[in-house]
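User: Please take a close look at the salt bridges in this model, residue by residue. Then set them against the rest of the chain, with the ring contacts and the loops included.

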Amino acid sequence: MPYFEGEKPTILLQIAQAMEPQTIPIGHKIYSQEDDEADSLYVIFQGTVQVTWEQPMLLNTKTFVYQKELSTTDIKVPGDAFGHEEFDRISSPHARNVQMRQATATAVSQAKVFKLDYKDY
């Protein structure tokens, strides 16, 4: 998996042992950009997950200013990782600044995922 490329085998073993399997029902929000901290990443074992980034955009016309949502969607399939996009790496590859989610992830079909909390990585 590209996200963990370059890690030592001992670190990969620790990551595998720390991952928590979860079954996500169809239509269930795994996390939301409005409410959730970016404190974990997910790897899809089975199923499909839609990740949507929505960003407010101010449009200025001669008569008024209004806000419009700009949306980008990505479909994740088995073998893909998601939820790691919001993290900035700081002094070491294992230290992270926790921030709020910048996207919403929703199961398009029933999904089996492995969740890794960043405190375990």
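Analyst: A salt bridge here is a side-chain nitrogen of Lys or Arg within 4 Å of a carboxyl oxygen of Asp or Glu. The model is predicted, and by that criterion it holds four salt bridges. Side chains of opposite charge can pair when their charged atoms come close.

Lys119 forms a salt bridge with Asp117, with 3.9 Å between the closest N and O atoms. Lys119 also forms a salt bridge with Asp120, where the closest N and O atoms are 3.5 Å apart. Asp117 in turn forms a salt bridge with Lys115, again with the closest N and O atoms 3.9 Å apart. Taken together, Lys115, Asp117, Lys119 and Asp120 are linked in a network of salt bridges.

The members of this network can be sorted by burial. Asp117 and Lys115 are both buried. Lys119 counts as exposed because its relative accessibility is 70%, and exposed means over 50%. Asp120, at 36% relative accessibility, counts as partly exposed. The Lys119 to Asp117 bridge therefore joins an exposed residue to a buried one.

The chain around this network has one helix and 10 strands. Read from the N terminus, the order of elements is α-β-β-β-β-β-β-β-β-β-β. Of its 121 residues, 34% count as buried. Of the contacts between residues at least 6 apart in sequence, 73% join residues at least 24 apart. The accessible surface is about 7,500 Å², and 53% of it belongs to carbon and sulfur atoms.

Next come the rings. The structure holds four aromatic pairs. One of them is Tyr42 with Phe82, a stacked pair at 5.2 Å centre to centre and 15° between the planes. The pair links distant parts of the chain, since Tyr42 belongs to strand 3 and Phe82 to strand 6 (residues 81–82), 40 residues apart. Tyr42 and Phe82 are both buried. Ring pairs also bring in Tyr31, which forms a cluster with Tyr42 and Phe82. A charged side chain lies over one ring of this cluster: Arg101 sits over the face of Tyr31, at 3.8 Å from the ring centre.

Arg101 leads on to a loop residue. Ser32 lies in the loop between strand 2 (29–31) and strand 3 (40–46). With residues up to four places away in sequence left out, Ser32 touches Arg101, Ala103 and Thr104. Ser32 counts as buried because its relative accessibility is 6%, and buried means under 20%.

The end of strand 3 gives another set of contacts. Gly47 is in the loop between strand 3 and strand 4 (49–60). At 14% relative accessibility, Gly47 counts as buried. Apart from its neighbours within four places in sequence, Gly47 is in contact with Lys76, Val77, Pro78, Ser109, Gln110 and Ala111. Gly47 and Val77 are 30 residues apart along the chain, while their C-alpha atoms are separated by 6.4 Å.

Val77 belongs to the loop between strand 5 (65–76) and strand 6. Its relative accessibility of 38% is why Val77 counts as partly exposed. With Ile75 and Val108, Val77 makes a nonpolar surface patch of about 220 Å².

Pro78 is also found in the loop between strand 5 and strand 6. At 46% relative accessibility, Pro78 counts as partly exposed. Beyond residues up to four places away in sequence, Pro78 touches Ile44, Phe45, Gln46 and Gly47. The C-alpha atoms of Pro78 and Gln46 are 5.3 Å apart, with their positions 32 residues apart in sequence.

To return to the request, the salt-bridge network takes in Lys115, Asp117, Lys119 and Asp120. Lys115 and Asp117 are its buried pair, and Lys119 is an exposed member.

Definitions and conventions: Residues numbered from 1 in each chain as written. Predicted model: local features only at pLDDT ≥ 70, side-chain atom pairs only at ≥ 80, totals over all residues. Heavy atoms only, no water. Helix = DSSP H or I, 4+ residues; strand = E, 2+ residues; numbered from the N terminus. Buried < 20%, exposed > 50% of the residue type's maximum accessible area, 1.4 Å probe, protein only. Contact = heavy atoms within 4.5 Å. Areas by Shrake-Rupley, 256 points an atom, 1.4 Å probe, with all protein chains shown as cover. Phe/Tyr/Trp six-rings, centres within 6.5 Å; stacked < 30°, edge-to-face > 60°. Lys NZ or Arg CZ within 6 Å of the ring centre and 35° of its normal. Patch = residues over 30% accessible without salt bridge, like charges linked within 9 Å, V, L, I, M, F, W, Y side chains within 5 Å.
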